[in-house]
Amino acid sequence: MDNPTRCSVIIIGAGISGITAAKVLAENGVEDVVILEAADRIGGRIRKEEFGGVTVELGAGWIAGVGGEQSNPVWELARQSNLRTCFSDYSNARYNIYDQNSGKIFPSRVAAESYKKAVASAIQKLQNHDDSPLDETNGPKTPIELAIDFILHDFEMAEVEPISTYVDFGEREYLVADERGYEYLLYKMGESFLFTSDTEGKILDSRLKLNKVVRELQHSRNGVSVKTEDGCVYEANYVILSVSIGVLQSHLISFSPPLPRWKTEAISNCDIMVYTKVFLKFPYKFWPCGPEKEFFIYAHHRRGYYTFWQHMENAYPGSNILVVTLTNGESKRIEAQSDEETMKEAMEVLRSMFGCHIPNAMDILVPRWWNNRFQRGSYSNYPICDNHQLIDDIKAPVGRVFFTGEHTSEKFNGYVHGGYLSGIDTAKALLEEIIKEKEWKSENQSFLIEPLLALTGSLTLKQPEAVSNNLHKFTIPWTTLSS
Ligand SMILES: Cc1cc2nc3c(=O)[nH]c(=O)nc-3n(C[C@H](O)[C@H](O)[C@H](O)COP(=O)(O)OP(=O)(O)OC[C@H]3O[C@@H](n4cnc5c(N)ncnc54)[C@H](O)[C@@H]3O)c2cc1C
């Protein structure tokens, strides 16, 4: 095997956090980085695909937290790139709840009462810092209560606790509906520091290495060494690890020496949410499409069973596409079965809402975030209690290994802007460390060399360059930092 080349920083993962960290490092003069990405594309959980004649977002779809006093940085990036977005008005979803038995929409009075009850019990749970499922007596029982409970707890639009995203950046959410995809923001960012083809916007820079699945990470006080599945070895002074909390829990990457216990415990204590958008293409639309009809809910006796629906007519008029969102257990269940079975179940649900005459779906798209070994879930979900220690431990570096990603963002975990801001924070923390190490080196170099130079009769030492030039042959217990 060739001698591994050494660089300043290896970044593992080219999602929003990894690309942002690389950009901040480059802007601060650390340009000899290598970005190792397991997939054949950048973006991670921001991922578009062509389906039914339009571009759909399999991962992040919304820019959440817009319209407040502070501007969401991802919204700013979207504006600079003229990304096409649509305002999502969820407020009426609760009045479009279909009864499983009659196929009719519940009267608004019934919906409002059930909603009030579900919010009250959710608030009580939060006040008691109670993370356990609601029991038989106080929990939701009827299909409509179960549907509302699902919306409150499993679907991000209606969490009842004060969420920093909405408090800081505003309560509006915009769906990305752009043929270039949400991922276009990452390509735009990449353009500023990676060599990119003018015509296609393709990243051609050799510092970005795709299809490189990191399996081993060795770290010591001298540096890091990273081995990929195809047997390549990369060495650096530092590594930034941006893989998801699900990947950290999965042991895809082995650490030598192993990560300390406080770190592994923190990693295993963080929950992972699985969130799946299933796309269905129809020959024509049969669902109501007027104002306030974009979102609708199916009330079923099984919690989370094809509960939350959205039509894509606002985003892509004439696309005839419906999206249904499943989470956690239901996501894992449908990931394990064939797409045909999922289509059959979804059609039964649609027929109980809209009647037997509706056409069969022509196509289905079922993303599998849980079974994707480079994701192992959709996003982090911290326990409800205020556990600052947990998140501090998850983001704290271990020697030369720095951690980034949405799961390391205390205020915005789970969101694209959480990933973006964590990339900035981690890169800044690493830059500080690099400066500290340089200072340490130069102080210790003069400490070591002064007696030596005194011996050889050379008495003045002023320029740090003179020191390092004279010193290169002495062993220093720290690796050399490229400047
Ligand atoms: C279905 C879904 C819906 C979502 N909806 C929204 C939404 O509407 N709004 C919102 O703000 N957020 C949403 N999110 C969350 C958002 O997508 C994430 O918070 C954000 O994209 C995470 O970015 P990241 O850089 O932290 O991680 P990632 O994007 O996961 O980047 C990590 C990268 O590491 C790579 N990797 C993993 N293992 C290895 C390895 N061994 N070697 C090398 N590379 C490796 C992965 O391939 C990946 O590219 C959603 C996510 C999902 C899945």
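A residue counts as exposed here if 12 or fewer other C-beta atoms lie within 10 Å of its own, and as buried if 20 or more do. The structure examined is a predicted model. On that criterion, the face of helix α2 turned away from its buried side carries the exposed residues Glu 76, Arg 79 and Gln 80. The buried residues of α2 include Val 74, Trp 75, Leu 77 and Ala 78. These four cover an arc of only 160 degrees around the axis, so they lie on the same side of α2.

Helix α2 is followed by Asn 82. This residue lies in the loop between α2 (73–80) and β6 (85–87). Asn 82 is not a glycine, yet its phi is positive, at about 55 degrees. Most residues other than glycine have a negative phi, and most peptide bonds are trans. Asn 82 has 10 C-beta neighbours inside 10 Å and therefore counts as exposed.

Similar questions of backbone geometry arise elsewhere. His 251 is also not a glycine, and has a positive phi of about 65 degrees. The loop between α7 (245–250) and β13 holds His 251. With 9 other C-beta atoms within 10 Å, His 251 is exposed. Strand β13 spans residues 254–256, and the loop from β13 to α8 (261–269) contains Pro 257. The peptide bond that joins Ser 256 and Pro 257 is cis, with omega at about -5 degrees.

An open sheet of six strands follows the order β7-β16-β17-β18-β15-β19. Its pairing is mixed. Strands β7 and β19 (363–365) stand at the edges, each with a single partner strand, so one side of each has no neighbour in the sheet. On average, neighbouring strands of this sheet are turned by 25 degrees against each other, direction ignored.

Within this sheet, β16 (residues 295–299) pairs with β7 and with β17. Strand β7 (residues 97–99) runs parallel to β16, and three bridges join the two. Ile 97 stands opposite Ile 297, and Tyr 98 stands opposite Tyr 298. Strand β17 (residues 308–311) pairs with β16 in the antiparallel sense, again over three bridges. Here Phe 296 has Trp 309 in β17 as its bridge partner.

How many of the five residues of β16 are buried? Five of the five are, so β16 is largely enclosed by the rest of the structure. In a regular strand the side chains alternate between the two faces of the sheet. In β16, Phe 295, Ile 297 and Ala 299 point one way, while Phe 296 and Tyr 298 point the other way. All of these residues are buried. Helix α4 (residues 143–154) lies across β7, β16, β17 and β18 (321–327). The helix runs at about 130 degrees to β16.

Two hairpins link strands β10, β11 and β12. Strand β10 (residues 214–220) pairs with β11 (residues 223–228) in the antiparallel sense over six bridges. Two residues lie between β10 and β11 in their hairpin. Ser 220 stands opposite Gly 223 in β11. Strand β11 is in turn joined to β12 (residues 233–241) by four bridges, and this pair also runs antiparallel. Lys 227 has Val 233 in β12 as its bridge partner. The hairpin of β11 and β12 has four residues between its strands. In its turn, Gly 231 has a positive phi of about 90 degrees.

The model also includes a ligand, with 42 residues around it. Which of these residues come nearest? They are Gly 13, Gly 15, Ser 17, Gly 44 and Gly 419. The elements that give two or more residues to the shell around the ligand are α1 (16–27), β5 (62–66), β15 (275–281) and α12 (416–456). Strand β15 is also part of the six-stranded sheet, where it stands between β18 and β19 in the order. By class, the shell has 22 nonpolar, 15 polar and five charged residues.

Key. Residues are numbered from 1 along each chain as its sequence is written. This is a predicted model: local features need pLDDT of at least 70, side-chain atom pairs count only at pLDDT 80 or more; totals for chains, interfaces and linings use all residues. A residue is near a molecule or strand if its C-beta atom, placed from the backbone, lies within 6 Å of it. Ala, Val, Leu, Ile, Met, Phe, Trp, Tyr, Cys and Pro count as nonpolar, Asp, Glu, Lys and Arg as charged, and the others, Gly among them, as polar. Two strands pair if DSSP finds at least two bridges between them. The arc is that of the directions from the helix axis to the C-beta atoms. Axes are lines fitted to C-alpha atoms, for helices over the stretch in contact, and angles run from 0 to 180 degrees between N-to-C directions. Two residues are in contact if their C-beta atoms, placed from the backbone, lie within 7 Å.
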